Amino acid sequence: MRKASPRADAERTSAPLRGRGAQTSMPGRFEVCTRTVEDDGWGSLQPMDEAAVSSLSTEIREEHARRVINRNASPDIPMRQSVNPYRGCEHGCAYCFARPSHAYLGLSPGLDFETRLFAKTNAAEVLRAELAKPGYVPAPIALGINTDGWQPVERRYGISRACLEVLRDAHHPVSIVTKGSALRRDIDLLAALAREALVHVHISITTLDNRLSARLEPRAAAPQARLRLIAALREAEVPVGVLVAPVIPALTDEYLERILIAAHAAGAQAAGYVLLRLPHELKVLWRQWLQAHYPERAERVMHLLQQMHGGRDYDARFGLRQRGSGPLADLLAQRFAKTCARLGYSVLPPLRTDLFVPPRPLSPQGELF
């Protein structure tokens with residue numbers, strides 16, 4: 001049995017944790033032992049105090065990756081290649097579909113996912129080497145698709161920016177989805193890529209309610225900051241869209257039209273949406289969050305969500321996992337389509353692959369041959 005820690009003590013509170021999305025350090029699905037917390041009858045089961053909360057500071061572990069380009073064949077994901085500079089995400093979004101990936105590291109998809117991060121400090125160098133391999137066929141790369149490449153730690157490490165520099169130098173297409181305002185720092189690189197039709201950016205917005213956003217996405221940029229980011233990208237002539245994600249019935253779905261209107265006014269050219277997804281441990285984590293923040297709505301939220309996922313918390317089948325099925329899902333799709341048509345949303349221009357120039361190899365000392 002693991003030794004108790006302040007992180008484990010988070011499981012003892014029913015009050016919401018401030019500044020974090022997950023409410024507990026629930027074990028991952030691969031753990032061989034679990035732990036439970038019981039009151040001993042002497043009042044030991046108390047809410048976390050300030051000292052315990054402060055102990056949940058973010059820890060960064062640097063790692064050297066052997067490869068960084070991941071490939072997938074999922075029929076409902078347009079990008080076949082991706083690069084993730086970080087594992088875990090300090091944004092701490094309560095709904096993040098990537099949380100269960102932390103279980104592969106022997107860590108909790110709960111608080112560990114947002115407080116124990118991994119930075120692939122050599123990602124740009126490995127990316128350069130992989131692009132330089134003989135026979136590499138260029139195809140758009142989604143940068144930071146599993147966890148946000150422009151989360152707060154990017155301001156310190158700049159790994160996503162370094163990867164963008166490699167892609168710019170190689171004239172390689174890239175696609176970005178982020179809710180991080182740190183992307184504003186990289187508009188110079190994005191503008192250079194945009195001049196050659198090599199970049200798409202989508203800004204993710206869940207709600208326009210600052211209070212709700214602070215609970216759902218405690219360390220992400222505020223909604224208005226994301227709208228300003230859209231405007232800054234368009235001013236730099238970077239192709240930009242808005243991703244309304246996730247849509248949560250009885251919690252954020254009322255903001256669907258308002259987000260589309262506000263993003264279009266800011267300059268967004270394209271739009272998409274994704275229904276709340278609850279794979280693996282996220283089913284439990286999400287219910288914990290609902291009970292902590294919106295106990296009066298929890299049952300209704302889950303009931304409506306189950307109606308859109310065939311009676312289950314989540315339907316993982318391709319084509320359904322992001323949109324759902326049934327009358328409520330159809331109504332949501334109609335609302336989205338009608339609003340997009342009325343506002344004049346279109347699609348972003350195709351990304352070019354014919355300009356690709358393989359990077360020059362590096363010497364063992366890290367210098368260009």
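Pro246 belongs to strand 9, and in this predicted model the peptide bond that leads into Pro246 from Ala245 is cis, with omega near -10°. Most peptide bonds are trans, and most residues other than glycine have a negative phi. Two histidines also depart from the latter pattern: His171 has a phi near 55°, a positive value in a residue that is not glycine, and His280, likewise not a glycine, has a positive phi of about 50°. The loop between helix 6 and strand 7 holds His171, while His280 is placed in the loop between strand 10 and helix 11. With a relative accessible area of 24%, which lies between the limits of 20% and 50%, His171 counts as partly exposed; His280, with a relative accessible area of 48%, is also partly exposed.

**The sheet and the helices on it**

Strand 9, the element that contains Pro246, is part of an open sheet of 7 strands, which follow one another in the order 2-3-6-7-8-9-10 with mixed pairing. At the edges stand strand 2 (69–71) and strand 10 (270–275), each of which pairs on one side only. On average, and with direction ignored, neighbouring strands of this sheet are turned by 25° against each other.

Within the sheet, strand 7 (residues 174–178) is paired with strand 8 (residues 199–205) in the parallel sense, over 5 bridges, and Ile176 stands opposite Val201 of strand 8. Helix 6 (residues 159–169) lies across strand 6 (141–143) and strand 7, and its direction runs at about 155° to strand 6. Helix 10 also packs on the sheet, where it touches strand 8, strand 9 (240–247) and strand 10, and its direction makes about 165° with that of strand 9.

**Two helix pairs**

Two contacts between helices can be set out side by side.

| Helix pair | Axes come within | Crossing angle |
|---|---|---|
| Helix 9 (residues 223–235) and helix 10 (residues 256–266) | 8 Å | roughly 35° |
| Helix 11 (residues 282–293) and helix 12 (residues 298–308) | 9 Å | roughly 145° |

For the pair of helix 11 and helix 12, the contact involves Trp286, Arg287, Leu290 and Gln291 from helix 11, together with Ala298, Val301, Met302 and Gln306 from helix 12. By class, these residues divide into 5 nonpolar, 2 polar and 1 charged.

Helix 10, which packs on the sheet, is passed by helix 9 in a right-handed crossing. Leu227, Ile230 and Ala231 of helix 9 make this contact with Ala262, Ala263 and Ala266 of helix 10. The contact of helix 9 with helix 10 has 6 nonpolar residues, with no polar and no charged ones.

**The protein as a whole**

Taken over the whole protein, the secondary structure comes to 13 helices and 10 strands. Of the 369 residues, 52% count as buried, and the protein exposes about 17000 Å², of which carbon and sulfur atoms supply 53%. Among the contacts with a separation of 6 or more, 79% are accounted for by residues 24 or more positions apart.

Conventions. Residues are numbered from 1 along each chain as its sequence is written. This is a predicted model: local features need pLDDT of at least 70, side-chain atom pairs count only at pLDDT 80 or more; totals for chains, interfaces and linings use all residues. Side-chain values use heavy atoms; hydrogens and water are left out. Helices (H or I, at least four residues) and strands (E, at least two) are DSSP runs, numbered from the N terminus. Buried means under 20% relative accessible area, exposed over 50%, partly exposed in between (1.4 Å probe, protein chains only). Contact means heavy atoms within 4.5 Å. Accessible areas come from the Shrake-Rupley method with a 1.4 Å probe; for residues, only the protein chains shown count as cover. Axes are lines fitted to C-alpha atoms, for helices over the stretch in contact, and angles run from 0 to 180 degrees between N-to-C directions. A crossing is left-handed if the near helix is turned anticlockwise from the far one by less than a right angle, and right-handed if clockwise. Ala, Val, Leu, Ile, Met, Phe, Trp, Tyr, Cys and Pro count as nonpolar, Asp, Glu, Lys and Arg as charged, and the others, Gly among them, as polar. Two strands pair if DSSP finds at least two bridges between them.
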